[in-house]
Amino acid sequence: MLTHRTKYRPTLENLETRLTPSVYWWQGSVSTDGGDGDNWQDSSQLTGTAPQDDDTVVFDGGSQRGCDLDVINLNAIIGASDFSYDLNVVGAVSVRGPSSSFWGNDNVINVTDGSALLVWGTTFGWAGGSVTGAGVLQV
């Protein structure tokens, strides 16, 4: 007795893209350009990719120079006490994560004319240093 088998053809289903926000450490090894991926190191210790929206950026003593941040919506900015350079905001930078902090002895956040640093929906700790510039700081 022969039985007839129906052919089964497996298919693949497209799923939605799931991205996990990353953590990037500022190295400043090429320039002060925050948009240059060669200035950043990710959590896998790879360079070549700059932070994207919803990422966390960390400034610490491993830096070789200050950073100019342009238009980006970050999860958090973290500055360690051994970071001894300036953070220059040269575009619209938004920080909206659960908590951010920037601290140090003489750190400067410079919000340049026509720029804005917006910190909302988060706790922003500050210990030492100064905020300068003709731009907008909104906390």
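Of the 139 residues of the protein, 35% count as buried. The model on display is a predicted one. With the whole chain shown as a surface, the exposed area comes to about 8,700 Å², of which carbon and sulfur atoms supply 49%.

Next, switch to a cartoon view and colour by secondary structure. The protein has 14 strands and 0 helices, and reading along the sequence therefore gives one β element after another, in the pattern β-β-β-β-β-β-β-β-β-β-β-β-β-β. Among contacts with a separation of 6 or more, 33% join residues that lie 24 or more positions apart.

**First stop: the sheet 5-8-11-14**

Select strands 5, 8, 11 and 14. These 4 strands form an open sheet, in the order 5-8-11-14, and their pairing is parallel. Strand 5 (72-74) and strand 14 (136-138) stand at the edges; each has a single partner strand, so one side of each is left without a neighbour in the sheet. On average, neighbouring strands of this sheet are turned by 10 degrees against each other, direction ignored. In general, strands of a sheet pair through backbone hydrogen bonds, either parallel or antiparallel.

Now restrict the selection to residues 92-95 and 116-119, which are strand 8 and strand 11; the two pair in the parallel sense over 4 bridges. Within this pairing, valine 93 stands opposite leucine 117 of strand 11, and serine 94 has leucine 118 of strand 11 as its bridge partner. Add strand 14 to the view: 3 bridges join strand 11 to strand 14, and the two run parallel. Here leucine 117 stands opposite leucine 137 in strand 14.

**Second stop: serine 94**

Centre the view on serine 94, which lies in strand 8. Is serine 94 buried or exposed? Its relative accessibility is 7%, so serine 94 counts as buried, the limit for that class being under 20%. Which residues does serine 94 touch, leaving aside those up to four places away in sequence? They are Ile72, Asn73, Leu74, Leu118 and Trp120.

**Third stop: the sheet 4-7-10-13**

Hide the previous selection and show strands 4, 7, 10 and 13. They too form an open sheet of 4 strands, in the order 4-7-10-13, with parallel pairing. At its edges are strand 4 and strand 13 (130-132), each of which pairs on one side only. From one strand to the next, the twist averages 20 degrees. Select strand 10 and strand 13 together to see a parallel pairing over 3 bridges. Isoleucine 109 has valine 131 in strand 13 as its bridge partner.

**Last stop: the nonpolar core**

Finally, display the side chains of Trp40, Phe59 and Leu117. The largest nonpolar core has 20 residues, and these three touch the most other members. Which strands each supply at least two residues of this core? They are strand 1 (23-26), strand 3 (56-59), strand 4 (67-69), strand 5, strand 7 (87-89), strand 8, strand 10 (108-111) and strand 11. Leu117 thus links two stops of the tour: it belongs to this core, and it also stands opposite leucine 137 in strand 14.

Note on methods
Residues numbered from 1 in each chain as written. Predicted model: local features only at pLDDT ≥ 70, side-chain atom pairs only at ≥ 80, totals over all residues. Heavy atoms only, no water. Pairing = 2+ DSSP bridges. Axes fitted to C-alpha atoms, helices over the stretch in contact; angles between N-to-C directions. Core = buried A, V, L, I, M, F, W, Y, C linked by side-chain atoms within 4.5 Å. Buried < 20%, exposed > 50% of the residue type's maximum accessible area, 1.4 Å probe, protein only. Contact = heavy atoms within 4.5 Å. Areas by Shrake-Rupley, 256 points an atom, 1.4 Å probe, with all protein chains shown as cover.
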